[in-house]
Amino acid sequence: FLGFFPQVKFLDAPLTKRGVEQATSLREKIVSSDKEDPFSLQNVQLVVSSPLSRAMHTASIAFPTKDYKFKLEPHITEMVENSSDIGRCRDCLAKDFPDLQNEISQLPNAWWWQHPELKTLDICDPEKDHQKLHELNGEEPAME
């Protein structure tokens with residue numbers, strides 16, 4: 001049995017075209033909601049997102065960074081199941097999400113994984129992480 005997932009060829013999978021459409025649709029629903037309703041998403045005070053690119057992209061479309069306060073939280077990301085779940089270092093994320101640079105700067109550089117015995121490790125090598133994931137699993141990682 002080789003598993004049922006095809007190979008992933010990229011790290012930190014981007015938001016798909018369909019994902020952009022869904023986030024845009026959510027934004028339109030938020031804008032058209034009644035702000036006087038206490039449960040309206042227009043009244044959100046803090047947007048908490050995983051630092052994975054697809055999650056930050058979704059959140060920033062639905063809740064524009066100029067209008068909402070953001071917090072990036074590595075602990076709410078998917079477990080590293082395949083290479084598309086391996087994050088990118090702060091510098092890479094800051095280039096793609098300049099409006100979230102302050103929040104990104106608060107992350108450890110290798111935020112997606114850190115050996116529990118190496119508390120001060122701050123390296124960024126997603127290619128090496130992908131290779132190790134492949135070696136340990138013995139199968140091609142899944143594609144999302």
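Reader: Which helix do the buried residues of α1 pack against?

Author: In this predicted model, the buried residues of α1 pack against α2, the helix that runs over residues 53-62.

Reader: Which residues of α1 are the buried ones?

Author: A residue is called buried when its relative accessible area is under 20%, and in α1 this applies to Gly-19, Ala-23, Arg-27 and Ile-30. Seen down the axis of α1, these buried residues fall within an arc of 80°, so they line one face of the helix.

Reader: Which exposed residues does α1 carry on the face turned away from its buried side?

Author: Exposed stands for a relative accessible area over 50%, and the face of α1 turned away from the buried side carries Lys-17, Arg-18, Glu-28, Lys-29 and Ser-32 as its exposed residues.

Reader: How far apart are the end C-alpha atoms of α1, and what span should its residues give?

Author: One counts 1.5 Å a residue, and the 16 residues of α1, from 17 to 32, should therefore span 22 Å; the end C-alpha atoms are 23 Å apart, which agrees with that expectation.

Reader: Where does α1 stand in the pattern of the protein, read along the sequence?

Author: The secondary structure comes to five helices and two strands, and along the sequence these follow the pattern α-β-α-β-α-α-α, which begins with a helix.

Reader: What percentage of the residues in the protein is buried, and what share of the contacts joins residues at least 24 apart?

Author: Of the 144 residues in the protein, 36% are buried, while among contacts between residues at least 6 apart in sequence, 64% join residues at least 24 apart.

Terms used: Residues numbered from 1 in each chain as written. Predicted model: local features only at pLDDT ≥ 70, side-chain atom pairs only at ≥ 80, totals over all residues. Heavy atoms only, no water. Helix = DSSP H or I, 4+ residues; strand = E, 2+ residues; numbered from the N terminus. Expected span 1.5 Å × (residues − 1). Buried < 20%, exposed > 50% of the residue type's maximum accessible area, 1.4 Å probe, protein only. Arc of directions from axis to C-beta. Contact = heavy atoms within 4.5 Å.
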